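Let's take a walk through this structure together, one stop at a time. Keep the 3D view open and turn it as you read.

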Amino acid sequence: MERVVIIGAGVMGCACAHRLAEAGFQVTLLEKSLPGAESSAAAAGILGAQSEVAGPGPFFELCLASRERFRDYARELTELTGVSVGYEDSGVLEVALDPAEGRLCVARAEWMLARGLRVELLDREEARRLEPALTERLVGASYFPDDHQVDPVALAAALASAAARMGAVFRSGVQVKEILVRDGRVQGVLTDGGPLHAEWVVVAGGAWSSGIAGLPALRTTIKPVAGQILQLESRPPRFRHVVYGFKGYVVPRADGRVVMGSTLEDRGFDKAVTLAGLHRVAAMAMEMLPGLAETRFTGSWSGLRPATADGLPLLGLCASVAGLVIAAGHYRNGILLTPITAEVVRDGMTGKPPAVPVDDFAP
Ligand SMILES: Cc1cc2nc3c(=O)[nH]c(=O)nc-3n(C[C@H](O)[C@H](O)[C@H](O)COP(=O)(O)OP(=O)(O)OC[C@H]3O[C@@H](n4cnc5c(N)ncnc54)[C@H](O)[C@@H]3O)c2cc1C
């Protein structure tokens, strides 16, 4: 049995572990903290292939392919583990608050319709009929009925459980210091507890990935971009759709939690929640959904998105080091991209052609 060491047990590491263990690899996950405790636990969980992506191209296609898989993926994980990942067909409403935002909505709708995707342009009355909690100030909205949501904390828990059920071994509190390479082939990793040998190493270290010694030069480095989230609780829930604005988003969960975010901050590995950050997020949310002003505040947190210089993830086998695989740099779309990433990694390692074009993401 070929041995695989996976560095990092966020959604990427756990999803790869699940698919690789299922395919017959002997998988060990090394996690410096706790599985799923970093960016994956901080996310809002929008499966926003249409609402999040700026333009057409290979990245958009990757997002669509992953979104297409999500419903079955959620069912598969729940059947295997008993954990519901909170997959909800909530649809996403992109709200325009002034004419310039309205024009951007129309332009986006045009290229998406040309690609054959569902998007509905709504005027103020139509948008408020669909979602009565929206502000009277809006000028229009785009409705993306096929963008949905999951609960990222539940997804991360389900993925860890699925990987373990397939036989993957978790070692938490273990930090990988270096990737060991000899004669152009991976030998394993050096951890703070000593070496661990393996035929394959998968780097899924999120925002920390570029700091691991022994990595060859990659297409781009990965750096952290902090995001702050604010949570409210409303019983019964006041609205149903994910509301996406040009300054942020508000995500209603079925149980009455409302998650809203987020800031985009370049301040290294600092995960502080700040008054200025919360103020920005709260103002954005109340502008789109004024009724939230009187809703009970229940929490806030922040996380570090793994950002690349070109905005594309590093995904697949490294050409320069045999046995080295990267699954990192998914920035704002790592929850959405979980199923397709695990599939591409497994197919690359088992010699199967990828189900979608991935050349643009080559490490
Ligand atoms: C505020 C916020 C909102 C977001 N909202 C969304 C959203 O709505 N939809 C969406 O699709 N995405 C969203 N994202 C993005 C998404 O959360 C990330 O892209 C995704 O979680 C990345 O997963 P990961 O497994 O690569 O990283 P992580 O979850 O950060 O996991 C990496 C793990 O690797 C471990 N690690 C790192 N280095 C080492 C080492 N040397 N040794 C051992 N372990 C190591 C870390 O401790 C960590 O647990 C959001 C992110 C943030 C911060």
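Start with S209: setting aside neighbours within four places in sequence, S209 is in contact with V203, A204, L215, I222 and A328. Keep in mind that you're looking at a predicted model. Where along the chain does S209 sit? Its place is in the loop between β12 and β13, the latter covering residues 222-233. Is S209 buried or exposed? S209 counts as buried, because its relative accessibility is just 2%, and the cut-off for buried is under 20%. The side chain of S209 also has a polar partner: it reaches the backbone nitrogen of G205 at 3.2 Å.

Now follow β12 into the sheet. Six strands make up this open sheet, and if you step across it you meet them in the order β8-β2-β1-β12-β19-β18. The pairing is mixed. In general, strands of a sheet pair through backbone hydrogen bonds, and they can do so in a parallel or an antiparallel way. Which strands form the edges here? They are β8 (169-172) and β18 (314-317), and each of them pairs on one side only. Neighbouring strands in this sheet are turned against each other by 20 degrees on average, if you ignore direction.

Zoom in on one pair of strands. β1 (residues 3-7) and β12 (residues 200-203) run in the parallel sense and share four bridges. To see one of the matches, find V5, whose bridge partner in β12 is V201.

Next, look at the cysteines. How many disulfides does a search of the whole structure find? The number is zero. Take C16: no bond forms there because the closest cysteine sulfur, in C14, is 9.4 Å away, which is too far. For a disulfide, the two sulfurs would have to be within 2.5 Å. C318 has no bond either, because the closest cysteine sulfur to its own belongs to C16 and lies 13 Å away, again too far. C16 counts as buried at 0% relative accessibility, and C318 is buried too, with a relative accessible area of 8%.

Last stop: the ligand. It is surrounded by 40 residues, and the closest are E31, S40, I46, Y331 and L336. Look for the backbone around it as well. One nitrogen atom of the ligand is 3.0 Å from a polar backbone atom of K32, and a backbone N or O atom of R332 lies 2.9 Å from a ligand nitrogen. On the oxygen side, a backbone N or O atom of I335 lies 3.0 Å from an oxygen atom of the ligand.

Methods:
Residues numbered from 1 in each chain as written. Predicted model: local features only at pLDDT ≥ 70, side-chain atom pairs only at ≥ 80, totals over all residues. Heavy atoms only, no water. Pairing = 2+ DSSP bridges. Helix = DSSP H or I, 4+ residues; strand = E, 2+ residues; numbered from the N terminus. Axes fitted to C-alpha atoms, helices over the stretch in contact; angles between N-to-C directions. Buried < 20%, exposed > 50% of the residue type's maximum accessible area, 1.4 Å probe, protein only. Polar contact = N/O pair within 3.5 Å; in protein donor to acceptor, adjacent residues only side chain to side chain. Contact = heavy atoms within 4.5 Å. Near = heavy atom within 4 Å.
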